[in-house]
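Here's a walk through how the helices pack, what sits in the core, and a couple of odd backbone angles. Have the model open while you read.

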Amino acid sequence: MDRQDYVIEVSHVSKSFKDNKVLKDVSLLCESGKIYGLVGHNGSGKTVLFKSICGFLSCDEGTITVNGKVMGKDKDMLTDAGIIIEDPGFLRTWSGYHNLEFLYTLRNKKNKDYLCSVLRKVGLDPALKRPVGKYSLGMRQRLALAQAIMEDPGILILDEPMNGLDKNGVREIRELLLKMKEENKLIILASHNREDIEILCDEVYEMEDGILRKI
């Protein structure tokens, strides 16, 4: 494949925090219509890699290119992307629908029917009045997924997207991600669940002590 066909190109990236080198010469090529899985222990560097791709952290060495634009040079933050990296900062006294509506209208977008359909897609009732502060962990995770997909992004960066979901919820979200793959989305996800990785991913990489290798 021609390199210009890759949506994300991570090239020889290293990142340190003081004397701790968290990413060590990491390279990764990702194309649309595929799901890439990252496995590894907590603290292995997966989340730092995700944050670097998104532009939340800058690289010490190497480059990250997204759609031909170099992060930190041509663009500061990843756009056209749905991101779940850490617990989203939802307004806890508001309902799930009103949280999404607020974020949606910040971009001058108004389509209540569409927002309701997004919530249903992740298994949430848009009419539910319960405040997010009283949601279960699984419900908050579903809402985070709704936020990630609500603007129909071309890229999804998902750190433990099944966290807190019951068996039925896991099945529903797997089906949703596979459908988005069929829609030619690029999905990169980290999961501790080997079954998620086996069912969903076209390519799997292991992060260990800051070193990424394909498995």
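Contact here means heavy atoms within 4.5 Å. With that cut-off, Gly96, Leu100 and Leu103 in H2 meet Leu143, Ala146 and Gln147 in H4. Sorted by class, this H2–H4 contact splits into four nonpolar, two polar and no charged residues. Keep in mind that this is a predicted model.

**Helix packing**

Two packed helices are described by the angle between their axes and the distance between the axes. Here are the pairs that involve H4:

| Helix pair | Angle between axes | Axis distance |
|---|---|---|
| H2 and H4 | about 25° | 11 Å |
| H3 and H4 | roughly 130° | within 9 Å |
| H4 and H5 | about 10° | 12 Å |

Let's take H2 and H4 to begin with. The angle between H2 and H4 is about 25°. Angles under 35 degrees count as roughly parallel, so H2 is roughly parallel to H4. H2 passes H4 in a right-handed crossing. On H2, the buried residues are Gly96, Tyr97, Asn99, Leu100, Glu101 and Tyr104. H3 and H4 are included in what covers them.

How do H3 and H4 cross? The axes of H3 (residues 112–121) and H4 (residues 137–149) cross at roughly 130°. That makes H3 oblique to H4. The crossing of H3 past H4 is right-handed. On the H3 side, Tyr114, Val118, Leu119 and Lys121 take part, and they meet Leu143, Ala146 and Ile149 in H4. This contact has six nonpolar residues, no polar ones and one charged. Leu143 and Ala146 turn up again here, having also been met by H2.

That leaves H4 with H5. H4 and H5 pack at an angle of about 10°, and they are therefore roughly parallel to each other. Arg142, Leu145 and Ile149 in H4 meet Gly169, Glu172, Ile173, Leu176 and Met180 in H5. The class split for the H4–H5 contact is five nonpolar, one polar and two charged.

**The nonpolar cores**

In soluble globular proteins, nonpolar side chains tend to be buried together. In this model, the largest nonpolar core has 38 residues. Which residues have the most contacts inside that core? They are Leu100, Leu143, Leu156, Leu158, Leu177, Ile187 and Leu189. Two or more residues each come from strand S3 (34–39), helix H2 (96–105), H3, H4, strand S7 (155–159), helix H5 (167–182), strand S8 (186–190) and helix H6 (194–200). H4 gives the largest share of this core, seven residues. Apart from it there is another core, of 29 residues, with Val10, Leu28, Cys30 and Leu38 among them.

Two of the well-connected leucines deserve a closer look. Leu156 is found in strand S7 and is buried, with a relative accessible area of 1%. Leaving out residues up to four places away in sequence, Leu156 touches Gly82, Ala148, Ile149, Leu177, Met180, Leu186, Ile187 and Ile188. Not everything in the chain ends up beside Leu156, though: Val132 is 24 residues apart from it in sequence and 23 Å apart in space, C-alpha to C-alpha.

Leu189 belongs to strand S8. Is it buried or exposed? Leu189 is buried, with a relative accessible area of 1%. With residues up to four places away in sequence again set aside, Leu189 touches Ile35, Tyr36, Gly37, Leu38, Phe50, Leu158, Pro161, Leu177, Ile197, Leu200 and Cys201. Leu177 thus appears in the contact lists of both Leu156 and Leu189. As for Lys129, it is 60 residues from Leu189 in sequence and 31 Å away in space, C-alpha to C-alpha.

**Two backbone angles to check**

Most residues other than glycine have a negative phi, and most peptide bonds are trans. His12 has a positive phi of about 50° although it is not a glycine. The place of His12 is in strand S1 (residues 8–17), and His12 is partly exposed, with a relative accessible area of 47%.

Which other residue has a positive phi although it is not a glycine? Lys18 has one of about 55°. Lys18 lies in the loop between S1 and strand S2 (20–30). With a relative accessible area of 84%, Lys18 is exposed.

Notes
Residues numbered from 1 in each chain as written. Predicted model: local features only at pLDDT ≥ 70, side-chain atom pairs only at ≥ 80, totals over all residues. Heavy atoms only, no water. Axes fitted to C-alpha atoms, helices over the stretch in contact; angles between N-to-C directions. Helix = DSSP H or I, 4+ residues; strand = E, 2+ residues; numbered from the N terminus. Parallel < 35°, antiparallel > 145°, perpendicular 65-115°, else oblique. Left-handed = near helix turned anticlockwise from the far one by under 90°. Nonpolar A, V, L, I, M, F, W, Y, C, P; charged D, E, K, R; others polar. Core = buried A, V, L, I, M, F, W, Y, C linked by side-chain atoms within 4.5 Å. Buried < 20%, exposed > 50% of the residue type's maximum accessible area, 1.4 Å probe, protein only.
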